[in-house]
Amino acid sequence: MAKNVAQSPLEKTCSMASLDQKLAMAKRCSHEGVVAGAKAAVVASIATAIPTLASARMLPWARANLNHTAQALIISTVAGAAYFIVADKTVLATARRNSFKQNPNIEA
C-alpha cells in the first residue's frame, strides 16, 4: 500500500540537488567520451589514410579498383568506428568509476 504523503521542502531540495549532481556527472562523462572519441578518430584517420592513399597510387589492383569515393569511404568508416568504440568505452568506464565512488561498499 502506498501512502500519499507530501514531501517536505527539504526532501524536495535534497532530491533536486541529487538529480542536479547526477545530471552534471552524466554531462561530464559524455563530454569525456566525446573528447576521447574525437582524438581516436583523428588518429585512426591518419593511420588509415596513409596506407590507403599510398596503396591507391602504387598497387595496380588498388589503382584500378579504388576510386576517390572508395578511398574516402574506407578512411571515414575507420574514423567513425574508432570514434564510437572509444567514446562508448570511455563513457562506460567513467560511469563505472563514478558508481564505485558513490557506493563505498563495492570495492573497485
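Here is a short briefing on the fold, the surface and one buried position of this protein. The model is predicted. It holds three helices and zero strands, arranged along the sequence as α-α-α. Of the 108 residues in the protein, 20% are buried.

**Overall fold**
- If you trace the chain from its start, you will meet the pattern α-α-α, with zero strands in the protein.
- Helix α1 covers residues 9-58, and helix α3 covers residues 68-102.
- Among contacts in the protein with a separation of 6 or more, 72% join residues that lie 24 or more positions apart.

**Surface**
- The protein exposes about 8300 Å², and 67% of that area comes from carbon and sulfur atoms.
- A nonpolar patch of about 300 Å² sits on the surface, and its members are V42, I46 and I50.
- To find this patch on the model, start from V42, which belongs to helix α1.

**A closer look at T90**
- T90 is a residue of helix α3.
- Is T90 buried or exposed? T90 counts as buried because its relative accessible area is 19%, and the cut-off for buried is under 20%.
- Leaving aside residues up to four places away in sequence, T90 touches E32, G33 and A36.
- The numbers of these three partners, E32, G33 and A36, fall within the 9-58 range of helix α1, so a contact here means heavy atoms within 4.5 Å between T90 in helix α3 and that stretch.

Terms used. Residues are numbered from 1 along each chain as its sequence is written. This is a predicted model: local features need pLDDT of at least 70, side-chain atom pairs count only at pLDDT 80 or more; totals for chains, interfaces and linings use all residues. Side-chain values use heavy atoms; hydrogens and water are left out. Helices (H or I, at least four residues) and strands (E, at least two) are DSSP runs, numbered from the N terminus. Buried means under 20% relative accessible area, exposed over 50%, partly exposed in between (1.4 Å probe, protein chains only). Patches are made of residues with over 30% relative accessible area and no salt bridge: like charges are joined within 9 Å, nonpolar side chains (Val, Leu, Ile, Met, Phe, Trp, Tyr) within 5 Å. Accessible areas come from the Shrake-Rupley method with a 1.4 Å probe; for residues, only the protein chains shown count as cover. A salt bridge is a side-chain nitrogen of Lys or Arg within 4 Å of a carboxyl oxygen of Asp or Glu.
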